[in-house]
Amino acid sequence: MKNRKKLIDQVVVTANQMREIENRILAGGMPIAALMEKVSGLIARWIIQYISNFKQIGILVGPGHNGGDALVVARELYFRGYEVKVYSPFNKYKDLTAQHFQYVKSLGISCYSDIQEFSGCDIFLDGIFGFGLKTDIQNPIASVISTINQWFIPVISIDIPSGLHTDTGEVLGTAIRARYTLCLGLWKLGLLQEQALDYVGRTELIDFDIPEVDIQAVLGKMPEIQRITFPKALSILGSSGGIPSKCPSFSLFSRSLITHKYKEGSLLLICGSQRYAGAAILTALGARASGVGMLSIAVPESLKFLLISHLPEAIVIGCPETNTGVITKLVLPNNMDINKFDAIACGPGLTTEVNSVIYQVLESKIPLLMDADALNILAKILGLSLLINRQAPSILTPHLGEFRRLFINISEDRIASVQTAAKETGAIILLKGARTVISNSKGKTWVNPESTSALARGGSGDILTGLLGGLITKVAYYNISLEDMVTTAVWWHSQAAILAANERTELGVDGITLANYLTQVICK
Ligand SMILES: NC(=O)C1=CN([C@@H]2O[C@H](COP(=O)(O)OP(=O)(O)OC[C@H]3O[C@@H](n4cnc5c(N)ncnc54)[C@H](OP(=O)(O)O)[C@@H]3O)[C@@H](O)[C@H]2O)[C@@H](O)CC1
Ligand SMILES: Nc1ncnc2c1ncn2[C@@H]1O[C@H](COP(=O)(O)OP(=O)(O)O)[C@@H](O)[C@H]1O
Ligand SMILES: [K+]
């Protein structure tokens, strides 16, 4: 049962995949009407449990099975004593929906085709369109949706807010701005797309017992796109509350008694310039929170003592610099071989004035994380071929602007764009944002479903670069895949921000605070 919940929480489907899964259930003998009863019963129960203090509910009914679901909920709420009104202006319905409509009318539930009758409702249930919406919504439904959005009456959407594309999250003409979305069975891809976020509100999964064998028959054992979930991330970090860690005897949070600093990872950070000195400090603080064993930070010589004063434990490497305070060349102490580090993270605050450092690190044979100006240099000057030809794993962590500079072709489907970029470059691509997307060269993809807009401020990304840089130094020792480390870092970073925002408001999550909460959040 626990495993089923884990699977259901992780899985993400497209409309076509959901349709295929539904067809398998029906082919197995489950009557469609029974499925609709089951789903709608769960929706009605959810509404009664969580939104009990409403008097009048407006039920918006479309022509397909999304509308059928809504009608069954209308009937159930009517029998539970709620005041129910149905809105539906269509003249053609799927058979099952038409039957439910007939029964609802026969019960005496008021049905209207003029939306103005509904201005006094306390709440709406949106069953206009689900995953069957194909083209842009036209009038009169388009203007009805605008009217409902303007009323600011809370709306609960069934499956997906009507008007959103199930896969891309695109608005097809217009869309309901829901307060809650009750996603049915399995998470729809569109709900994780950034462009959908202003419409979906709080999301809940209504699990109606889709058999695991049907999920796996359509999606395979390891679905291509997954949500990053709490138990998965915790199991990787090892603070698992009973979920076994990948390391049998010790974990990131429970170190071996005989470990030592070199086993806990050796990271080289290359960051900062006179203009962007703070970026170096924040990146280093992110790395510190990862528990990395040895932290070396290459900065322009003139910043060396600033860094030492913030991170006395780090080895700070002062590099030759231009007269504007930009690193010209990476010079390691005692001609040390760069490949002696376990990983390199570079980019924050470097500027694009000089590119030889980036050229140097691209030639290394160890895992390389590139962020910020390292990406800009790659996009503007060096080109992607150096990346493609690298002999060790690369991780790119662009925000949308940097992503566009690197990969001109970004489509409406953000997730698909990241998958294409990862396949083309062979790198792990991590596109930052409200719903950070990570993809590897085989197309395996993860989306972070929970974050906070408290992170939308300068410096948050630097902390992530340091944290992730620190974690990837540990992949070999802890026998954790690079992808698992990357997804865990993203999860950890956003969970720290969520805790910080809860305790200090969304305005109180500056970079240094965020770095401090990285440790606090895992102590909770
Ligand atoms: N999968 C499951 O396991 C379960 C699924 N369930 C539920 O079924 C829902 C999917 O139902 P669905 O397939 O009937 O599609 P739905 O979203 O109601 O809309 C299709 C209708 O809209 C029409 N239409 C389309 N575009 C249009 C436009 N632009 N403007 C105007 N009309 C347009 C289209 O017309 P057509 O193009 O076919 O002529 C058709 O009549 C799903 O979201 C969930 O709620 C549960 O009941 C049980 C478990
Ligand atoms: N609206 C948002 N909601 C959640 N997370 C966000 C939001 N905006 C930005 N973030 C996160 O904040 C970080 C910002 O990184 P970045 O844009 O590189 O900033 P900087 O370079 O200034 O540090 C990323 O981890 C990103 O996912
Ligand atoms: K809907």
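The expected span of a helix is 1.5 Å times one less than its number of residues. This relation is applied to helix H3 in the second legend.

**Figure 1. Confidence of the predicted model.** The structure shown is a predicted model. Its protein chain has a mean pLDDT of 94, with 98% of the residues reaching 70 or more. For the complex, the predictor gives a pTM of 0.93 and an ipTM of 0.90. Over residues 239-248 the pLDDT stays under 50, and the model has 20 contacts beyond four places in sequence for this stretch.

**Figure 2. Helix H3 and the residues on its two sides.** Helix H3 comprises the 19 residues 32-50 and reaches 27 Å from its first C-alpha to its last, close to the 27 Å expected at 1.5 Å a residue. Six positions of H3 are labelled as buried, namely Leu35, Val39, Ser40, Ile43, Ala44 and Ile47. These residues lie on the same side of H3 because they cover an arc of only 160° around the axis. Ala34 and Gln49, on the other side of H3, are exposed. The buried residues of H3 pack against two helices, H2 (15-27) and H4 (65-79), and against strands E6, E7 and E9.

**Figure 3. The open sheet of seven strands.** The strands of this sheet follow the order E4-E3-E2-E5-E6-E7-E9, and their pairing is parallel. Strand E4 (110-112) and strand E9 (202-206) form the edges, each pairing on one side only. From one strand to the next, the twist averages 20°.

**Figure 4. Pairing of strands E6 and E7.** Strand E6 (residues 155-158) pairs with strand E7 (residues 180-184) in the parallel sense over three bridges. Within this view, Ile156 stands opposite Tyr180 in E7.

**Figure 5. The open sheet of 10 strands.** Mixed pairing joins the strands in the order E10-E19-E18-E17-E16-E15-E14-E11-E12-E13. The edge positions are taken by strand E10 (225-227) and strand E13 (315-319), each of which pairs on one side only. On average, and with direction ignored, neighbouring strands of this sheet are turned by 15° against each other.

**Figure 6. Strands E12 and E13, with helices packed on the sheet.** Strand E12 (residues 294-300) and E13 are paired in the parallel sense over five bridges. Ile297 has Val316 in E13 as its bridge partner. Helix H10 (residues 277-289) packs on the sheet, where it touches strand E11 (266-270) and E12, and the direction of H10 makes about 175° with that of E12. Helix H17 (residues 460-472) also packs on the sheet, touching E11, strand E14 (343-346) and strand E15 (368-370). The direction of H17 makes about 170° with that of E14.

Key: Residues are numbered from 1 along each chain as its sequence is written. Chains are lettered from A and ligands numbered from 1 in the order in which they are written. This is a predicted model: local features need pLDDT of at least 70, side-chain atom pairs count only at pLDDT 80 or more; totals for chains, interfaces and linings use all residues. Two strands pair if DSSP finds at least two bridges between them. Helices (H or I, at least four residues) and strands (E, at least two) are DSSP runs, numbered from the N terminus. Axes are lines fitted to C-alpha atoms, for helices over the stretch in contact, and angles run from 0 to 180 degrees between N-to-C directions. pLDDT is the predictor's confidence in each residue, from 0 to 100. Two residues are in contact if their C-beta atoms, placed from the backbone, lie within 7 Å. A residue is buried if 20 or more other C-beta atoms lie within 10 Å of its own, exposed if 12 or fewer, and partly exposed in between; C-beta atoms are placed from the backbone. The arc is that of the directions from the helix axis to the C-beta atoms.
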